[in-house]
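Biologist: I should like to understand how the terms used for a protein model are justified. Could we take them one at a time, beginning with a single strand?

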Amino acid sequence: MGFMAWISSFISSQWNRLLLLSSAAFGDTAFWAYPQSTIDHSHFNFKEFLTHPAHLWSVNTTISFPGSPGFDDATARWTIFSPPTYNAAIRPGSEADIARVIKLASLYKFPFLTRGAGHGYSIALSDFQNGLALDLSQWKSLEIDQTAETVTIGPGVTISEVFDPLYEAGFQIRKSNVHETLKLNDLADNSWCSTESGTCGCPSLVGVTLGGGAGRYQGIHGLVIDALVSVRMVTAAGDLIEVSKESYPDLFWAIRGAGANFGVITSATYKVNRLVNQGNFLHADFYFSAEKSYDYFKIIEKLNYKFPANIATIVLINYNASTKSIQVGGNWVYFGPEKEGMKALQPVFDLGPISSVVSVVPYKKLLATTGGGYDTLVCQGHTNRDLYSLNQKTYSASGWQKGFDKMAKFFEEYPGGRNSALVFEVFPNQATLAVASDETAYPWREARGYIIGHFIWADGDTATATASNKVGLELRDELLLTSGYNEVSVFVNYARGDEGLESIYGRDKLPRLVELKKTWDPNNIFAYNNYPLPLEYPSKQRDEL
Ligand SMILES: Cc1cc2nc3c(=O)[nH]c(=O)nc-3n(C[C@H](O)[C@H](O)[C@H](O)COP(=O)(O)OP(=O)(O)OC[C@H]3O[C@@H](n4cnc5c(N)ncnc54)[C@H](O)[C@@H]3O)c2cc1C
Ligand SMILES: *[C@@H]1O[C@H](CO)[C@@H](O)[C@H](O)[C@H]1NC(C)=O
Ligand SMILES: *[C@@H]1O[C@H](CO)[C@@H](O)[C@H](O)[C@H]1NC(C)=O
């Protein structure tokens, strides 16, 4: 029996075309000459399709299905609230196999979703159902170029995996201190890892980069995208291209803020700086009792008028299980000499915190220090989490106090929600603003921080889930009024996915973004992500209204 005959008897007729296509070289124009399949993906038999020998996957590519080994790891999510769901997962062993997945998805019209580290939490991801996970979490390459002063990472590298190798090579990442901050937090025993602060090690750095990449050092280093030099990317057409200022500059503009809409990033190169002076930081954690919340917020409100670039703080409103009451936490990082930092923090000490932990953290010490465990807490996956976020430009003690009061009531009424928190990230933005707005697709350079209502509940606790949703929406409406913005705005990494297109990508960026989407992904292969771009803007429906 000849090869063709063997295959034909082996497969159901529906795969015949695939076989013919696969036996032709991929990338061959003939490939595209075949009519598109109209298989309805809800009945798509991923198992039969993907395991077919005709695909000739690379030796390191692994494919899994619900119940089979590796499937859970390849599809795990940080939040299991309103998640995407999968009928199959592929861990591609080569860029060619990524291109192959894209081409097959395009031809057979089955949905696939690229996975970095699975930390996206937009509810828009739940539009993706019963699809294929293109799981890149095992792409852990990390290469430092001492001469060019760059680091090139794979899309599976998490934030926490970047720091140590860079430090050992004598570098720090230039425009984002995501990982530095992370280590600082690990050090202080009383510290926490705020979900969105750039202080958690668990999301993929590439995933963080695609939406802009916010962090505490926006004041001195800008956004993560401001350090990005280039990426390798597989396009909707299945082509592997390098994207940078010199190569496809339009696309480079677009991926810096709306990256998930345009392709699959297979590696990213960032500019890094040599360590200066072992880079001493002052790091301080405080807790205040509920009565002091407003006075504490007042201290931070003053930063509206004069916000040094080298200081950042995160306000955490949460429930303390030992004291059985709501509390206010303050985490501060001062990039500079200890003495100056202590002076800047004097008003905080003067207010009389319940507790304070202050440490001066030289890089040298960081390496020898093991984590304090907080990262584990906030990075805990497979948990019901629902997050309501806003950009903020101004800080309002009275506005924040309203949020505090709402959380106090929520904690009182819903013990099941006591792991939840309201977080105010207070970040200066001098270096972020120094990059012209039209340089990148990221639309919110004037933001000086973010507000996050982060709700957590146990599986099956629908009462708390429902209440979380109600309080989350109310918080967002109310805190908007004092955020310095007239309408909801939130960058795509933090978006819940129900804010609307303009609120996420920005009115002035959308026309160009959508034009580029049409050019690079005309058939909308990358249709699922934290918040997918449409192929038309303004949308038809809007015109018809
Ligand atoms: C604990 C925690 C801390 C965070 N800290 C920060 C922070 O400091 N700064 C910040 O800006 N954001 C932060 N975020 C938000 C984070 O940037 C987003 O959740 C991001 O989408 C996570 O990327 P991921 O790869 O881990 O998630 P995934 O869910 O795997 O991916 C998220 C989206 O990006 C797409 N995507 C991922 N990788 C690729 C790729 N290689 N090519 C193409 N598309 C890809 C996916 O298709 C998906 O649409 C944090 C989130 C969490 C949960
Ligand atoms: C497959 O993975 C192994 C182990 O990681 C590696 O040594 C090998 O080079 C890979 N093969 C290919 C073809 O990529
Ligand atoms: C709870 O409050 C006590 C007393 O104020 C404090 O020492 C402790 O660190 C707090 N615990 C947490 C987890 O915030």
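Modeller: Certainly. This is a predicted model. In strand E6 (residues 150–153), Val151 and Ile153 point to one face and are buried, while Thr150 and Thr152 point to the other face and are not buried.

Biologist: What makes Val151 and Ile153 "buried" in E6?

Modeller: A residue is called buried if 20 or more other C-beta atoms lie within 10 Å of its own. Val151 and Ile153 are buried, so each of them meets that cut-off. Thr150 and Thr152 are not buried, so they do not meet that cut-off. As for the pattern, side chains in a regular strand alternate between the two faces of the sheet.

Biologist: Why are strand E5 (residues 142–145) and E6 said to pair?

Modeller: Two strands pair if there are at least two bridges between them. Four bridges join E5 to E6, so the requirement is met. The two strands run antiparallel, and Leu142 stands opposite Ile153. The hairpin of E5 and E6 has four residues between the strands, and Glu149 takes a positive phi near 55° there.

Biologist: Which strand, E10 or another, pairs with E6 over four bridges in the antiparallel sense?

Modeller: That is strand E10 (residues 264–274). In this pairing Thr150 stands opposite Lys271.

Biologist: What makes strand E14 and strand E15 "edge strands"?

Modeller: Seven strands form an open, antiparallel sheet in the order E14-E11-E13-E12-E16-E17-E15. Strand E14 (355–361) and strand E15 (384–391) each pair on one side only. Neighbouring strands of this sheet are turned by 15° against each other on average, direction ignored. Within the sheet, 10 bridges join E12 to strand E13 (residues 325–335), and Thr313 of the one stands opposite Trp332 in E13.

Biologist: Which residues touch the most other members of the largest nonpolar core?

Modeller: Leu132 and Leu134 do, in a core of 139 residues. Strand E12 (residues 311–320) gives the most to this core, with seven residues. Among the residues that Leu134 touches, leaving out those up to four places away in sequence, are Ile90, Phe112, Leu113 and Val264.

Biologist: Why is the shell around ligand 2 divided into one nonpolar and four polar residues?

Modeller: Ser58, Val59, Asn60, Gly93 and Ser94 surround ligand 2. Val counts as nonpolar, whereas Gly is placed among the polar residues. The shell therefore has one nonpolar, four polar and no charged residues.

Definitions and conventions: Residues numbered from 1 in each chain as written. Chains lettered and ligands numbered in written order. Predicted model: local features only at pLDDT ≥ 70, side-chain atom pairs only at ≥ 80, totals over all residues. Near = placed C-beta within 6 Å. Core = buried A, V, L, I, M, F, W, Y, C linked by C-beta atoms within 7 Å. Buried ≥ 20, exposed ≤ 12 C-beta atoms within 10 Å, placed from the backbone. Contact = placed C-beta atoms within 7 Å. Axes fitted to C-alpha atoms, helices over the stretch in contact; angles between N-to-C directions.
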